[in-house]
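Dear colleague,

Please find below the structure that I am handing over to you. My findings follow directly after it.

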Amino acid sequence: MSTTLDQALVTDLAGRCSVFGPEDTGYDATRAVHNGLIDRKPALIVRCRTTGDVVATLALARGAGLEVSIRGGGHNVAGRAVTEGGVMIDLAEMKGVTVDPDRATAKAEGGVTWGELNGAAGKHGLAVTGGLISTTGIAGYTLGGGLGWLMAKYGMAADNLLAVELVTAEGEVLDVGADSHPDLFWALRGGGGNFGIATSFTYQLHPVETVVGGLIAHPLDAAPDMLRFYRDAAADCSDDLSVFAGLVHAPDGSGAQLSAMVVCHIGDADVAERELEPFKTWGSPLVVEVGPMPYPVMNTLLDEGYPAGALNYWLSSFTQLPDELIDIAVERFASVPSPMNAILFEHFHGAVTRVGPTETAVPHRDKGWNILIPSVWTDPADSEANIAWTRETFAALRPHFGTGRWLNYLGDDQADDAIRAAYGPNYDRLVEVKRQYDPDNVFHLNHNIVP
């Protein structure tokens, strides 16, 4: 443990928190995040249990002059939750969730995952837009915008945020909302972890109980036609229907390459059947596994493809899905080096596109698609090949991209131009808020807005 830390304060924290130094049992497991490519070693990890613990740990780190990182769910691909040689403030044990069914709201602490929040809200037939992978933490996801199955009906997670409890760089605890620190509230809805440590989130929930969802899969040789059909058919989707598509591998471990659509309809069953029929009956599908399920189950369907500890390298951008991009994507996927890699197309339409690009700090409000290339593999010896394939595929597709980048998909090596593309026209206003609340850039282990 670094000698620059005040050992009396460390001892005090250890009396009420789980505290780990490099020599302690559990240190390596605690510093690990979802992306196994991240291998950094903090001087100290403090698993906080209360907001007071967060304030004390932040004061300890700042007093020692050490870098601070914040771990919510630890799912972000860039791995900025882990500092090298600094103090990692870990919220993993802050798991409180309170649902008010009468007001249709939920308050959840910063260590909660979407599986946990979905389960708690689902007991009351309620939900809010959440992560496509249930092990994703609510914190970084929401601060980065939060896309998901419900966004066409109810907007992003950030659009449903009512309040945030935030610990500032000076250790002040703020209750942030539309009527309290409104400039900061605007910035927290899409500005990432730049402004403080979010210890709790309060969301507006919506009545969502049973959805009709699942997988429709075709052979890869149908991909050019299927993706063109998908692009055109998606233009007619109601707000109740979200359809994402992708070039993927069969989940049975065979390595078979597929073109697939994943559907989620949150309306009445008879309407769902009618609106899903074109997607279910197009072409000659290999698999049509679509049916009613609880919404929390819908948000687990992709979990197995993204196991904790696997190595990840992702790139993404926005597109209108022209024919040329489709053909390049199919050609590139044929040479993919890992049976876990994919090229995914996430459709933006409905409520998420009816919010202005500067109403929140999330600027990505145009109808279209976010194209994500999530490369996932398990053998470190394969890292070079997978990273190279991802970069080369992104470069081949780039002439057909728009200007935006999705904040939470930015990797650890993304340059300033990608960060500015993620914040878009909101960047300058975000800088002003950053200067007000974190002028010393204490919270810089993120896709940083430099004050």
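Gly 145 sits in the loop that links α5 (138-143) to α6 (151-154). Please note that this is a predicted model. The relative accessibility of Gly 145 is 0%, so this glycine counts as buried. Beyond its neighbours within four places in sequence, Gly 145 is in contact with Met 156, Ala 157, Ala 158, Gly 190, Val 362 and Trp 406. Met 340, which lies 195 residues from Gly 145 along the chain, has its C-alpha atom 26 Å from that of the glycine.

Two further residues deserve a remark for their backbone angles. Leu 321 is not a glycine, yet its phi is positive, near 60°. Leu 321 belongs to the loop between β16 and α11, and it is buried, with a relative accessible area of 0%. Asn 441, likewise not a glycine, has a positive phi of about 55°. Asn 441 is located in the segment that follows α14 (427-437). Its relative accessible area is 15%; because buried means under 20%, Asn 441 falls into that class.

I turn next to the sheet. Seven strands form an open sheet in the order β15-β12-β14-β13-β17-β18-β16, and their pairing is antiparallel. The edges are taken by β15 (287-294) and β16 (311-319); each has a single partner strand, so one side of each is left without a neighbour in the sheet. From one strand to the next, the twist averages 15°. As general background, strands of a sheet pair through backbone hydrogen bonds, in either a parallel or an antiparallel manner.

Three of the strand pairs can be described in detail:

- β12 (residues 210-219) and β14 (residues 257-265) run antiparallel and are joined by eight bridges. Here Gly 214 has Val 263 of β14 as its bridge partner.
- β16 and β18 are paired in the antiparallel sense over nine bridges. Ser 316 stands opposite Leu 372 of β18.
- β17 and β18 are also antiparallel, with five bridges between them. Glu 346 has Asn 370 of β18 as its bridge partner.

How many residues of β18 are buried? Ten of the ten residues are, so β18 is largely enclosed by the rest of the structure.

Helices also pack on this sheet. Helix α8 (residues 223-234) lies across β12, β13 (241-249), β14, β17 (343-348) and β18 (368-377), and runs at about 165° to β13. Helix α12 (residues 383-397) touches β16, β17 and β18, and its direction makes about 165° with that of β18.

Helix α8 has a helical partner as well. α8 packs with helix α11 (residues 323-333) at an angle of about 140°, and the two axes are 10 Å apart. That angle makes α8 oblique to α11, and the crossing of the two helices is right-handed. On the α8 side, the contact is made by Ala 223, Pro 224, Leu 227, Arg 228 and Arg 231, and on the α11 side by Asp 323, Ile 326, Asp 327 and Val 330. By class, the residues of this contact between α8 and α11 are five nonpolar, no polar and four charged.

A further helix pair is found in an earlier part of the chain, as the residue numbers show: helix α1 (residues 7-14) and helix α3 (residues 51-64). How are α1 and α3 oriented to each other, roughly parallel or roughly antiparallel? Their packing angle is about 160°, with the axes 10 Å apart. Angles over 145 degrees count as roughly antiparallel, so α1 and α3 fall into that class. The crossing of α1 and α3 is left-handed. Leu 9, Val 10 and Leu 13 of α1 meet Asp 53, Ala 56, Thr 57 and Leu 60 of α3. The residues in the contact of α1 with α3 comprise five nonpolar, one polar and one charged.

In going through the model, you may wish to begin with β18, whose ten residues are buried, and then follow its antiparallel pairing to β16 and to β17. Helix α8 offers a second route, since it lies across five strands named above, among them β13, and also packs with α11.

With kind regards

Key: Residues numbered from 1 in each chain as written. Predicted model: local features only at pLDDT ≥ 70, side-chain atom pairs only at ≥ 80, totals over all residues. Heavy atoms only, no water. Pairing = 2+ DSSP bridges. Helix = DSSP H or I, 4+ residues; strand = E, 2+ residues; numbered from the N terminus. Axes fitted to C-alpha atoms, helices over the stretch in contact; angles between N-to-C directions. Contact = heavy atoms within 4.5 Å. Buried < 20%, exposed > 50% of the residue type's maximum accessible area, 1.4 Å probe, protein only. Parallel < 35°, antiparallel > 145°, perpendicular 65-115°, else oblique. Left-handed = near helix turned anticlockwise from the far one by under 90°. Nonpolar A, V, L, I, M, F, W, Y, C, P; charged D, E, K, R; others polar.
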